[in-house]
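Here are some short exercises to work through with the model open on your screen. Try each task before reading its solution.

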Amino acid sequence: MTLGSHITPLARSYIEKADIVFTALSDGIIELWLARMNPNVRSFQPLYKEGKSRGDTYREMVEAMITEVRAGKHVCGAFYGHPGIFALPPHKAIALARAEGYQAHMEPGVSAEDCLYADLGFDPGRYGCQHYEASQFMLYHRRIDPSAYLILWQIGVAGDQSFARFSTGPQYRQLLVDVLAKEYELGHEVILYRAATLPTQEARIVRLPLRELPQAEVDLHMTLVIPPIHALEPNVEIRERLSALDAVGEN
Amino acid sequence: MSDVIDFLERLGEDSGLRYASASVIEGAMEEAHISPELRAALARGDQRSLEQLLGAATNVCCMIHAPLREEEPADPRKWREKEDAQSAASQVPLSRIA
């Protein structure tokens, strides 16, 4: 996630040894850094355009990678964070390559999620943690547990149905607040979070009441963290049944 | 430029520097012969200025995920069938990073 800090030795080795490296990174400085690891690095940035469906962009990414695989090259796709988390093209490219009989492998990386737990100082295992892409959360009925953490990703384009926008504004986030208000009070503290991508940066952490989310300054890199609002509710029936098993020494 | 990238990499991977005080980092920048302009941008955490001074791409889009839509099959097993039915995208030249 952070330049210099979070690239694994194995990921670096794959980048250095590939015949061609395709990149989708978080910022231009990291592009320059990564370009020094291999003489043949191609950025996917030209494939993005506001107004163009990202579905088309992702298909083009997959096509670019598989074309080189079919040409007999060792291809590396370097995606910021973890290549398999909230990342469509890497999964698609690997599935397609394997379907065509090629070897393909995903190497895990340090993601914004990993940085989030460290920077905000909470353990997802303590109360549970739910993750959704913000627009998907709005477009579908999702059942959430307000006694667990709720993390909404890509909050900067919340409510975008076109997949062609690089931002949505306060009115879209107000609709998100309307959805969240069914479970959370408007004064409930939420957190806007952005991981550091350069080692000159600290994580950006903004705490605010839910009602102020529409007017908050939100960009593409930000994530919304909603802490639990209810205490965990004991499941008395199951506890009693577990205790009965314990009493007879069952496994 | 490569000195600054080297410096950023060192800053990221050196536990003695990553969260060091401003004065320690300033000393490290001086040792690395970083130009005053770049040092100022680094000290301010001014990413935009850094990008401009280094000739890096700005306004990089980092989204690589798209949510499901109504026309997408809700059953994950059917995603592959739908993708296979779509024609390959047109070829778009990709930039080589210098």
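Keep in mind that this is a predicted model.

**Exercise 1. Find the domains of chain A and describe how they meet.**

Step 1. The domain assignment splits chain A into domain 1 (9-99) and domain 2 (112-226).

Step 2. Taken over C-alpha atoms, the centres of domain 1 of chain A and domain 2 of chain A are 26 Å apart.

Step 3. Now look at the contact: 13 residues of domain 1 of chain A meet twelve residues of domain 2 of chain A. On the domain 1 side, the elements that give two or more residues are α2 (28-35) and α3 (54-70) of chain A.

Step 4. Sort that domain 1 side by class, and you get four nonpolar, five polar and four charged residues.

**Exercise 2. Is strand β1 (residues 20-24) of chain A mostly covered or mostly open, and which strands pair with it?**

Step 1. Count the buried residues: five of the five in β1(A) are buried, and the strand is mostly covered. For a residue to be called buried, 20 or more other C-beta atoms must lie within 10 Å of its own.

Step 2. Split the strand by face. In a regular strand the side chains alternate between the two faces of the sheet. Here A:Ile20, A:Phe22 and A:Ala24 lie on one side, A:Val21 and A:Thr23 lie on the other, and all are buried.

Step 3. Look for the partners. β1(A) pairs in the parallel sense with β3 (residues 75-79) of chain A over five bridges, and A:Ala24 has A:Phe79 of β3(A) as its bridge partner. β1(A) also pairs in the parallel sense with β2 (residues 41-43) of chain A, over three bridges; there A:Phe22 stands opposite A:Arg42.

Step 4. Follow the chain from β1(A) through α2(A) to β2(A): this β-α-β crossover is right-handed.

**Exercise 3. Work out the strand order of the five-stranded sheet in chain A, then find its edges.**

Step 1. The sheet is open, with the order β4-β5-β8-β6-β7 and mixed pairing.

Step 2. β4 (129-133) and β7 (204-209) of chain A each have a single partner strand, so they stand at the edges and one side of each has no neighbour in the sheet.

Step 3. On average, neighbouring strands of this sheet are turned by 20° against each other, direction ignored.

Step 4. Take one pair as an example: β4(A) and β5 (residues 149-153) of chain A run in the parallel sense over five bridges, with A:Gln130 opposite A:Leu150 of β5(A).

Step 5. Add the helix. α5 (residues 112-120) of chain A packs on the sheet and touches β6 (189-194), β7 and β8 (223-226) of chain A. The direction of α5(A) makes about 50° with that of β8(A).

**Exercise 4. Describe the side of chain B that touches chain A.**

Step 1. The contact takes 38 residues from chain B and 52 residues from chain A.

Step 2. On chain B, the elements giving two or more residues are α1 (2-13), α4 (47-54), α5 (79-85) and β1 (95-96). α1(B) gives the most, with seven residues.

Step 3. By class, this side of chain B has 23 nonpolar, seven polar and eight charged residues.

**Exercise 5. Is A:Asn251 buried or exposed?**

Step 1. Locate A:Asn251 in the segment after α9 (236-247) of chain A.

Step 2. Count neighbours: 3 other C-beta atoms lie within 10 Å, so A:Asn251 is exposed.

Step 3. For a sense of distance, the C-alpha atoms of A:Asn251 and A:Ser26 are separated by 48 Å, with the two residues 225 residues apart along the chain.

Terms used. Residues numbered from 1 in each chain as written. Chains lettered and ligands numbered in written order. Predicted model: local features only at pLDDT ≥ 70, side-chain atom pairs only at ≥ 80, totals over all residues. Contact = placed C-beta atoms within 7 Å. Helix = DSSP H or I, 4+ residues; strand = E, 2+ residues; numbered from the N terminus. Nonpolar A, V, L, I, M, F, W, Y, C, P; charged D, E, K, R; others polar. Domains from an automatic or database assignment. Buried ≥ 20, exposed ≤ 12 C-beta atoms within 10 Å, placed from the backbone. Pairing = 2+ DSSP bridges. Right-handed = clockwise from strand over helix to strand, strands pointing away. Axes fitted to C-alpha atoms, helices over the stretch in contact; angles between N-to-C directions.
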